[in-house]
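Good morning, colleagues. I should like to take a few minutes for one structure, and I ask that you keep it in view while I speak.

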Amino acid sequence: MTSGPRLFSILRQGAYLIASIHTALDDSQLLRFQQDLVELIGRHRARGVVIDVAALDVLDSFASRTLRDIGEIARLRGATTVIVGIQPEVAFTMVRLGMDTGAVSTALDLEEGLLHLERTVSPVRRP
């Protein structure tokens with residue numbers, strides 16, 4: 001992958017990871033984001049993931065597919081994913097082009113995304 005400054009951040013908040021994409025990412029940067037996020041899901045035993053795309057004014061088919069893939073990989077690793085902050089123009093374009101987030105849930109903003117996780121993620125029960 002490429003080296004250089006990260007154009008995204010991934011923070012831990014309890015059992016959740018909050019991943020924010022700060023600017024448009026090229027394909028190699030999207031793959032780096034995917035790898036980093038999936039690795040952190042396992043390391044932190046995350047139960048939920050919020051991916052914030054509010055800073056993006058474009059979401060091409062590769063980015064849309066990558067976000068879907070992240071959601072599926074996270075699910076297979078035991079975490080629920082919600083994508084937040086899809087801008088209205090991006091949503092219109094995605095619908096016109098037949099793109100979607102697949103089975104990955106969406107929410108208006110970070111607050112709604114965290115509420116969604118609170119409602120859908122069962123607490124970890126320890127013996």
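I begin with Arg45, which is found in the loop between α1 and β3. This is a predicted model, and what I say should be heard with that in mind. Is Arg45 buried or exposed? Its relative accessible area is 68%, and because the cut-off for exposed is over 50%, Arg45 counts as exposed. The backbone of Arg45 also deserves a remark. Its phi is near 50°, a positive value in a residue other than glycine. Most residues other than glycine have a negative phi. Arg45 follows α1 in the chain.

That brings me to the helix itself. Helix α1 covers residues 27–44. With 18 residues, α1 reaches 26 Å from its first C-alpha to its last, close to the 26 Å expected at 1.5 Å a residue. Which residues of α1 are buried? They are Gln29, Leu30, Arg32, Phe33, Gln34, Asp36, Leu37, Val38, Leu40 and Ile41. An α-helix has 3.6 residues a turn, so residues three or four places apart point the same way. The buried residues of α1 pack against β1, which is 8–13, and against β2, β3 and α2.

Of those partners, I turn to α2, residues 61–76. Its 16 residues should span 22 Å at 1.5 Å a residue, and the end C-alpha atoms are 23 Å apart, which agrees. In α2 the buried residues are Phe62, Ala63, Ser64, Thr66, Leu67, Ile70, Gly71 and Ala74. These pack against α1, against β3 at 48–52, against β4 at 80–84, and against α3 at 88–96.

How do the two helices meet? Two packed helices are described by the angle between their axes and the distance between the axes. Here the axes of α1 and α2 come within 10 Å and cross at roughly 10°. That angle makes α1 roughly parallel to α2, since angles under 35 degrees fall in that class. The crossing of α1 past α2 is right-handed. On the α1 side, the contact is formed by Asp27, Leu30, Leu31, Phe33, Gln34, Leu37, Val38 and Ile41. Opposite them in α2 stand Phe62, Ala63, Thr66, Asp69, Ile70, Ile73 and Ala74. By character, the residues of this contact divide into eleven nonpolar, two polar and two charged.

Let me now consider the loops that lead into these helices. Leu25 lies in the loop between β2, which is 16–21, and α1. With a relative accessible area of 14%, Leu25 is buried. Not counting residues up to four places away in sequence, Leu25 touches Leu7, Phe8, Leu30 and Phe33. For Leu7 the C-alpha to C-alpha distance from Leu25 is 7.3 Å, although the two are 18 residues apart in sequence. Asp60, for its part, is placed in the loop between β3 and α2. Asp60 is partly exposed, at a relative accessible area of 39%. The C-alpha atoms of Asp60 and Met94 are separated by 8.2 Å, with these positions 34 residues apart along the chain being their separation in sequence.

I come next to strand β4, where I have chosen two residues. Thr80 lies in β4, and so does Thr81. Which of the accessibility classes applies to each? Thr80 is partly exposed, with a relative accessible area of 28%. Thr81, at 6% relative accessibility, counts as buried. Leaving aside neighbours within four places in sequence, Thr80 is in contact with Arg47, Gly48, Val49, Leu117, Thr120 and Val121. On the same basis, Thr81 is in contact with Val49, Ile51, Ile70, Gly71, Ala74, Val104 and Ser105. The C-alpha atoms of Thr80 and Ile70, ten residues apart along the chain, are separated by 10 Å.

Finally, strand β5, residues 105–107, holds Ala107. Ala107 is buried, at a relative accessible area of 17%. Beyond residues up to four places away in sequence, Ala107 touches Val82, Ile83, Val84, Gly85, Glu112 and Gly113. Ala107 and Arg47 are 60 residues apart along the chain, and their C-alpha atoms are separated by 17 Å.

To close, I return to the helix pair: α1 and α2 are roughly parallel, and their crossing is right-handed. Thank you for your attention.

Conventions: Residues are numbered from 1 along each chain as its sequence is written. This is a predicted model: local features need pLDDT of at least 70, side-chain atom pairs count only at pLDDT 80 or more; totals for chains, interfaces and linings use all residues. Side-chain values use heavy atoms; hydrogens and water are left out. Axes are lines fitted to C-alpha atoms, for helices over the stretch in contact, and angles run from 0 to 180 degrees between N-to-C directions. Helices (H or I, at least four residues) and strands (E, at least two) are DSSP runs, numbered from the N terminus. Angles under 35 degrees count as roughly parallel, over 145 as roughly antiparallel, 65 to 115 as roughly perpendicular and the rest as oblique. A crossing is left-handed if the near helix is turned anticlockwise from the far one by less than a right angle, and right-handed if clockwise. Contact means heavy atoms within 4.5 Å. Ala, Val, Leu, Ile, Met, Phe, Trp, Tyr, Cys and Pro count as nonpolar, Asp, Glu, Lys and Arg as charged, and the others, Gly among them, as polar. Buried means under 20% relative accessible area, exposed over 50%, partly exposed in between (1.4 Å probe, protein chains only). The expected span of a helix is 1.5 Å times one less than its number of residues.
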